[in-house]
Amino acid sequence: MKIGVLMKQVPDTETKIRIKDDASGIVVDGIKWVMNPYDEYAVEEALRIKEKKAGSTVTIISMGPKRSVETIRTGLAMGADSGILIDDPALEGADCYATAKALAKVMEPENFDLILCGKQAIDDDSAQVPQMVAEFLGMPQAMVIDKLVVSDDGKKATCYRRIEGGAKEVLEVDLPAIVAAEKGLNEPRYASLPGIMKAKSKPFKEINLGALGLKAEEVGAKGAKLKVKKYFLPAEKAPGKIIPGEPEDAARALVKMLREEAKVV
Amino acid sequence: MREPDFYLLDELLTPEERMVRDTVATFVEREFLPKVNEHFDKVSFPMELVPRMAELGIFGANLKGYGCAGMNDMSYGLIMQELERGDSGLRSFATVQGALSMFPIWAFGNEEQKQKWLPRMARGEALGAFGLTEPDFGSNPKAMRTRARKSGKKYILNGAKMWITNGTIAEIAVVWAQTEQGIRGFLVEKGTPGFTTHEIKQKYSLRCSITAELFFEDCEIPEENLLPGTKGLGSALACLDQARFGISFGSVGAAAACFICARDYALKRIQFGGKPIASHQLMQEKLADMLTEITKAQLVCFRLGRLKEAGKANWSQISLAKRSNLRMARDVARTAREILGAAGIVLDFPVIRHFTNLESVYTYEGTHDIHTLILGQAITGIPAFE
Ligand SMILES: Cc1cc2nc3c(=O)[nH]c(=O)nc-3n(C[C@H](O)[C@H](O)[C@H](O)COP(=O)(O)OP(=O)(O)OC[C@H]3O[C@@H](n4cnc5c(N)ncnc54)[C@H](O)[C@@H]3O)c2cc1C
Ligand SMILES: Cc1cc2nc3c(=O)[nH]c(=O)nc-3n(C[C@H](O)[C@H](O)[C@H](O)COP(=O)(O)OP(=O)(O)OC[C@H]3O[C@@H](n4cnc5c(N)ncnc54)[C@H](O)[C@@H]3O)c2cc1C
């Protein structure tokens with residue numbers, strides 16, 4: 001099977017986010033960049049399928065600035081076979097639509113049997129790119145999947161997702177399809193140390209818009225359907241209140257506060 | 001980037017070296033640190049992490065072939081740094097497995113011994129131990145009493161080894177003993193009649209590591225268990241060089257953990273004048289001294305790593321790094337402990353753990369004073385041991 005994995009480099013979840021003075025974005029200096037955690041599940045799942053199906057390959061595809069190379073290499077060090085980075089100054093300011101368009105364009109000629117990705121990137125949390133990529137490529141999609149079974153003949157995939165009320169929904173899609181990973185799909189491996197050394201010599205290409213046959217007007221800030229007006233941090237939460245005393249008294253005090261102060265009961 | 005990096009040493013590492021370091025750091029943070037206090041409390045090692053460490057390629061990471069990762073020395077050093085940023089016990093585990101058990105087999109074993117042991121040890125399926133120190137001889141192992149007497153196709157071992165890391169859990173012990181041809185190394189398998197072990201439980205340093213005594217009473221081992229390449233104490237010392245190299249890096253990790261903890265604490269803790277204690281000059285001097293010493297130690301490691309890769313690191317250069325960096329780490333841990341006040345004596349912060357651990361690291365692999373004598377001899381040509 002030929003498997004493609006969409007991967008985005010995002011700030012480490014521990015990062016203290018600071019907003020630029022002009023509110024046009026976040027300050028990126030000093031940020032530690034990591035693989036989007038949901039994409040880690042996608043890479044891991046791809047590798048597990050590859051290990052089961054002899055002759056399979058896994059390609060990591062990312063769109064982002066030059067520094068994303070290191071995160072693609074992490075995927076290669078985990079065991080993926082090759083990487084593609086779409087990197088072009090004109091992509092600055094791309095929204096989900098533009099991103100999906102560029103990603104779809106780069107994947108079109110690859111003829112993947114299966115495309116895996118995370119259900120969302122934890123930086124802007126849009127959760128739209130996978131669906132849009134599916135539309136652009138005319139493929140079935142299965143989103144927020146926590147169990148995936150590919151049929152022996154590689155023609156179908158059974159995808160499990162949790163839905164409201166704790167129930168499970170089971171989807172069957174014809175391949176090629178795009179499947180977006182939810183937490184719980186698997187436990188991602190670490191890049192092995194020898195794998196890191198091997199990653200250096202794995203095929204990796206960087207392409208710009210020209211090579212893709214796309215124009216800046218289509219996919220950059222100019223092609224975006226959505227414009228971010230400003231960034232701001234949420235207001236700091238007021239500190240919580242601890243109600244002391246015996247459970248009965250504390251409960252009584254709590255109900256009183258809910259009624260009189262919060263006015264919610 | 002791993003803090004502190006005041007002199008931007010990150011720029012001198014290759015992307016692969018940085019990735020190796022960061023991968024191990026993530027492993028330590030996610031898998032080890034959440035359980036470190038539990039093990040420190042009950043004096044044990046988190047054995048369930050052994051397969052994961054093996055999967056990463058940590059055991060014998062700088063050895064080539066036989067299922068080992070074949071990393072360069074700088075990467076190996078950085079692995080040790082990140083393990084010890086977690087805990088010296090975790091790093092000790094990797095040192096004993098790689099530098100002290102796998103390395104002697106790799107360097108002094110015959111092909112059969114290598115095939116039999118190294119792949120399994122790299123996979124963490126067989127654990128090793130290194131028995132050099134004895135109850136009566138630590139700094140002066142040349143005078144060891146453990147003896148291996150040849151009898152037909154066997155060697156008969158008699159004696160005892162003391163302070164042996166992983167002694168009770170090891171499947172294979174590399175044991176050094178006197179023979180007619182001087183000191184040589186032997187492979188002794190767990191369960192060999194006449195070989196018993198006893199764990200040293202009441203210890204107040206390196207509590208995330210297992211330390212044991214080994215006893216040999218007419219313990220018969222087949223002659224094939226001699227490591228044929230071992231020739232005198234020098235062979236044992238070659239293993240120690242491997243270990244000391246890693247320990248020099250490891251101590252930077254432990255010191256860095258203490259520094260970061262103390263700095264963050266000082267920035268938050270408010271005592272006088274409504275200001276954090278970090279705003280007082282006395283506190284700033286402490287932090288400045290810590291950072292200066294850590295930075296110097298990092299520079300020593302960086303250069304030593306590149307020298308070792310080029311095959312140019314000699315034993316006295318490694319001694320300098322072990323001596324200097326351990327003194328640094330011990331001082332940094334102590335200062336960090338001071339900065340935390342009473343909070344510096346409880347396990348809510350990593351400082352007291354590192355502080356007590358470093359007492360062992362200061363002593364094993366050649367005490368500080370023994371490295372002083374090694375350097376003294378390198379400088380003057382005059383040995384002052386006797
Ligand atoms: C936690 C732990 C784990 C260990 N793991 C292992 C292991 O896996 N394998 C192993 O073989 N050993 C191990 N050791 C032993 C360690 O290597 C020894 O403790 C160390 O070599 C010092 O020996 P000693 O404790 O017998 O002290 P001694 O040699 O008795 O030294 C006592 C003091 O005398 C000083 N001294 C000695 N000679 C001189 C001199 N000529 N001039 C001035 N001062 C001198 C020393 O510096 C020291 O301060 C471990 C030790 C510890 C604490
Ligand atoms: C085992 C133990 C038992 C104890 N028993 C008792 C007890 O029975 N009763 C009791 O009342 N207390 C007790 N204490 C508390 C002890 O007295 C305090 O820990 C001590 O006064 C230090 O306070 P702190 O720990 O809050 O540190 P902090 O006051 O927060 O000090 C932290 C660090 O900041 C430094 N610092 C503070 N102010 C400045 C400044 N202006 N300039 C420069 N540096 C500064 C300190 O020197 C220290 O290094 C005990 C402590 C321990 C560890």
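Is the crossing of α8(B) and α9(B) left-handed or right-handed? I looked this up first, in a predicted model.

**Entry: the helix pair.** I found the crossing of α8(B) and α9(B) to be left-handed (the near helix is turned anticlockwise from the far one by less than a right angle; clockwise would be right-handed). Helix α9 covers residues 351-363 of chain B, and α8(B) packs with this helix at about 155 degrees, the axes being 9 Å apart. Axes are lines fitted to C-alpha atoms over the stretch in contact, and angles run from 0 to 180 degrees between N-to-C directions. The two helices are therefore roughly antiparallel (an angle over 145 degrees). Helices here are DSSP runs of H or I with at least four residues, numbered from the N terminus.

**Entry: ligand 2.** I listed the residues near ligand 2, among them Phe272(B), His280(B) and Ile345(B) (near: a heavy atom within 4 Å). I then looked up polar contacts (pairs of N or O atoms within 3.5 Å). A polar side-chain atom of Arg269(B) is 2.6 Å from an oxygen atom of ligand 2. For Glu338(B), a backbone N or O atom lies 2.7 Å from a ligand oxygen. For Ala342(B), a polar backbone atom is 2.8 Å from an oxygen of ligand 2. Alone, ligand 2 exposes 970 Å², and the protein buries 42% of that (Shrake-Rupley method, 1.4 Å probe). I noted that α7 (281-309) and α8 (315-339) of chain B each give two or more residues to the shell.

**Entry: conventions.** Residues are numbered from 1 along each chain as written, with chains lettered from A and ligands numbered from 1 in written order. Local features need pLDDT of at least 70, side-chain atom pairs need 80 or more, totals for chains, interfaces and linings use all residues, and side-chain values use heavy atoms, without hydrogens and water.

Notes: A polar contact is a pair of N or O atoms within 3.5 Å; within protein, one must be able to donate a hydrogen and the other to accept it, and residues adjacent in sequence count only if both atoms are side-chain atoms. Angles under 35 degrees count as roughly parallel, over 145 as roughly antiparallel, 65 to 115 as roughly perpendicular and the rest as oblique.
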